[in-house]
Amino acid sequence: MKRKQGITVSGCGRWRKWGCCPDLEWPCLLRDGARAEGLGLSRLPAARHRPPLPERAIMKVVNLKQAILQAWKERWSDYQWAINMKKFFPKGATWDILNLAEALLEQAMIGPSPNPLILSYLKYAISSQMVSYSSVLSAISKFDDFSRDLCVQALLDIMDMFCDRLSCHGKAEECIGLCRALLSALHWLLRCTAASAERLQEGLEAGTPAAGGEKQLAMCLQRLEKTLGSTKNRALLHIAKLEEASSWTAIEHSLVKLGEILANLSNPQLRSQAEQCGTLIRSIPMMLSVHSEQPNKTGFPTVHALVLLEGTMNLTGETQPLVEQLMMVKRMQHIPTPLFVLEIWKACLVGLIESPEGTEELKWTAFTFLKIPQVLVKLKKYSHGDKDFTEDVNCAFEFLLKLTPLLDKADQRCNCDFTDFLLQECRKQGLLSEASVNNLMTKRAADREHAPQQKSGENANIQPNPGLILRAEPTVTNILKCSSGLDFLSCPQTMDADHSKSPEGLLGVLGHMLSGKSLDLLLAAAAATGKLKSFARKFINLNEFTTHGSEESTKSASVRALLFDISFLMLCHVAQTYGSEVILSESSTGAEVPFFETWIQTCMPEEGKILNPDHPCFRPDSTKVESLVALLNNSSEMKLVQMNWHEACLSISAAILEILNAWENGVLAFESIQKITDNIKGKVCSLAVCAVAWLVAHVRMLGLDEREKSLQMIRQLAGPLYSENTLQFYNERVVIMSSILEHMCADVLQQTATQIKFPSTGMDTMPYWNLLPPKRPIKEVLTDIFAKVLEKGWVDSRSIHIFDTLLHMGGVYWFCNNLIKELLKETRKEHTLRAVELLYSIFYLDMQQVTLVLLGHILPGLLTDSSKWHSLMDPPGTALAKLAVWCALSSYSSHKGQASSHQKKRHREDIEDYISLFPLDDMQPSKLMRLLSSNEEDANILSSPADRSMSSSLSASQLHTVNMRDPLNRVLANLFLLISSILGSRTAGPHTQFVQWFMEECVDCLEQGSRGSILQFMPFTTVSELVKVSAMSSPKVVLAITDLSLPLGRQVAAKAIAAL
């Protein structure tokens, strides 16, 4: 058998070279063979489960056994035996390959009592590290005659020598061997303990208790306790469990059997000791899932800001991504469930109280009473049991009731008993029991008696928004379900009916929806329950149906015009309030795109969207344009019969251009312009919307001195009608048209410093518009707003909108870099921790892109520039490490899902191509195969990243075939390569300490089963470097940072732990 002559021995780590001479003869043994046979010492039992050896190796084994007999015969002392053994076997295979430990035990355990001399040889071999711990444990675990008490006790004494200080400094395969041997030894100890307990129990029942029975049981339990008391041993057993699942199953069965036997034991001390050992064994598979929660902290700004961000900017988003984000925050910050639920409710209350009156208030009401209960229902599934979560929700409400001023303020804002509505909704969703609801309502009723007067004469008759929203939700459901009928109140779904059969009835339905705040109520309820896209689809179908008509009367033409107009205005309102994503259908090849979808994509101004006024969509057929210009310029009323409204909307832009040119050249007077604009908006308001949409795009392209007439025309179209209107629901349509025009013109009016007065509805239609102070650098605005937020300790809705505007204006790198600079300026620990929680929630405005910048640009810049290392010292360095890990984990867990709608619409032009930024070697797969066939010891750990070989970059992600063309995966892989090079370099400093904090936070945030996330990008060679850092030299840390689902990961972990 050809092997390396040397082997790394545990302890000092020196290379020792032993061998044996196959030609050595033992005449004395041959001469006295009969005597030896008579003593029974030459009848050596065959080794079990041993692979067949070559002939030369068999010769060595025979000679080894003969040498043991010779030593016993001549009564050599232990050190004489060791000297002679090394003299007789000078070179060749190691003692473990020849199974020296097993051979010694076989000879020592032949009789009813152990041979003390041969046992002394084994103890000397163990102490002098001639044999490995794994070989001794394997040899012990093969002894199964538990009736020989003295032999068992001798084996227990041998285990006592080293069971709490196991180590191995050999190859990874030898370390895995130690794990398996320890697992076998644990199984042997359990069987031995069970056998001792059975004998003791039988003796007690027979009335003849064995004198040494209790002593042997106590010895077994002491060895179990000593073996399992070591965290290092339990970590090795954790690896062995993954290597040999069947052996672990046998251990579990033995543990159950032992528990049944010891249940009848009269000695409480031994029974308690056995229970402790059982608890330790059962804890081995769950070593990485134990996290301590934060009992002393009551405020959690991240949860608060995350809920505020969702309620303010992403009402239409699906609930599952929010649930996953919240659960990740809960896990990373170790938040107890009652305080977690309490923080969610507090954020809802604050968001509702501070929301501007109008649409925003309705959106927050829908978010609080419809969406958040659904979020909690999904969070319930993550809980260990329904009963536990219900108790946690009840506990959260108990805490909430103590915040009396907050609840009183919410009651005043909503003009109702806020808590009552909330509790009833939670009861409907199964989040609270009937008894809990009644108890909480009683407590709140007692508090409300001392609250300020809730109702005044003015608002006594106003219906509270929570009640309206809760009634609007089933209405939305009915609209989507029903397919016939005209009565809006009984079955408002006429949207699915045959529109040609009941246009007048349908018009009445839509007119009712336009009145008051009915439309906003329905839209908010639909958005909060995920039904807005289906709801909008009804209006798109209606709008498409009414675009053109044939052979119709004047009355039916006016009804069709109104249906087109109202549906068009409603869809514009939906797009501006909730984003155009809810309007657009999934792209399908071959399907005809509805007119409104085409128009909104190419013609409607939106935030961050630049339109080309010369786009072909604005240049339709010239004959249609000429007829439309003539129609608008006609002094008589605009005709409606057989009007193709979609063509009119597409032609209005070219018609306006003709009219503008005529006005500028003096062909038309201002009075004519006024008459034309009245014709445009006098019948169908959607024509005015289309006209202003083009004018906004047109004004952007004009010089300062060319804009006057275009802006004046916008002013005319947005102003009041100078002639009488003759079509129904005109006032209601003008209200919604004015809101649409105000949103459209906001950007261009700000850029041109123009003021246009839109008809007031009594409410601020754009509450979060133009928040930035004029003539101030945006960096100053950013630092000021962050300082204010940090001082308060939480983010409000207004601040969220300011941060979003600054992110949009400055770009991701500018935004992230400046906020990180503010974090690194903090010197007080409590301030840095608060800043991290707030920044993490602010970064959710665009977490994916922020993470790429933070991990791909900012961190590498700080870690590689020695002039910046001072900024990484504690406490800001610790805080930055925590923030980086949180962002990395959040982005990695969600980057395969869909981005939030407020992230989708933002165009990112400042992010480089990460594939070119971080080049990937195209030859990596073939190099990877060579790496897998090479020994771990061959990996070069050099001082600089440029000198490191490919072998040092092998990570679990490559074995899992993770897509390395994904920007986030690429950035993570390069960051961990940088971390590995820092740990392997000869220069230590704050950057090295930062790497330690980063890895500690990774371990702290991960739980059982999630190790395959960002740490899979860490090279395997980093593990051996990390354990050299005192704070990271822990078995649990090694288990946490390696991917134990891979055989190579288990080998790396075993080698690192065995060397600790």
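**Figure 1. Accessible surface of the protein chain in the predicted model.** The accessible surface comes to about 45800 Å². Carbon and sulfur atoms hold 52% of that area. Buried residues make up 55% of the chain, which has 1060 residues.

**Figure 2. Secondary structure and contacts along the chain.** The protein chain has 48 helices and 2 strands. Among contacts with a separation of 6 or more, 79% join residues 24 or more positions apart.

**Figure 3. The largest nonpolar core.** This core has 343 residues. Trp81, Trp599 and Phe843 have the most contacts inside it. Helix α9 gives the most to this core. That helix spans residues 172–206 and supplies 17 core residues.

**Figure 4. Surroundings of Trp81.** Trp81 is one of the residues with the most contacts inside the largest nonpolar core. Neighbours within four places in sequence are left aside here. Trp81 then touches two aromatic residues listed by name, Trp76 and Tyr121. Trp81 is also in contact with Leu100, Leu104 and Met130. Ala71 and Ala125 complete the set.

**Figure 5. Packing of helix α39 against helix α44.** Helix α39 covers residues 876–894, and helix α44 covers residues 967–984. The two helices pack at an angle of about 145°. Their axes lie 10 Å apart. The crossing is left-handed.

**Figure 6. Residues where α39 meets α44.** Helix α39 contributes Ala888, Ser891 and Tyr892. From α44 come Leu968, Asn969 and Leu972. By class, this contact has 4 nonpolar and 2 polar residues. Charged residues are absent from the contact.

Terms used: Residues numbered from 1 in each chain as written. Predicted model: local features only at pLDDT ≥ 70, side-chain atom pairs only at ≥ 80, totals over all residues. Heavy atoms only, no water. Core = buried A, V, L, I, M, F, W, Y, C linked by side-chain atoms within 4.5 Å. Buried < 20%, exposed > 50% of the residue type's maximum accessible area, 1.4 Å probe, protein only. Helix = DSSP H or I, 4+ residues; strand = E, 2+ residues; numbered from the N terminus. Contact = heavy atoms within 4.5 Å. Areas by Shrake-Rupley, 256 points an atom, 1.4 Å probe, with all protein chains shown as cover. Axes fitted to C-alpha atoms, helices over the stretch in contact; angles between N-to-C directions. Left-handed = near helix turned anticlockwise from the far one by under 90°. Nonpolar A, V, L, I, M, F, W, Y, C, P; charged D, E, K, R; others polar.
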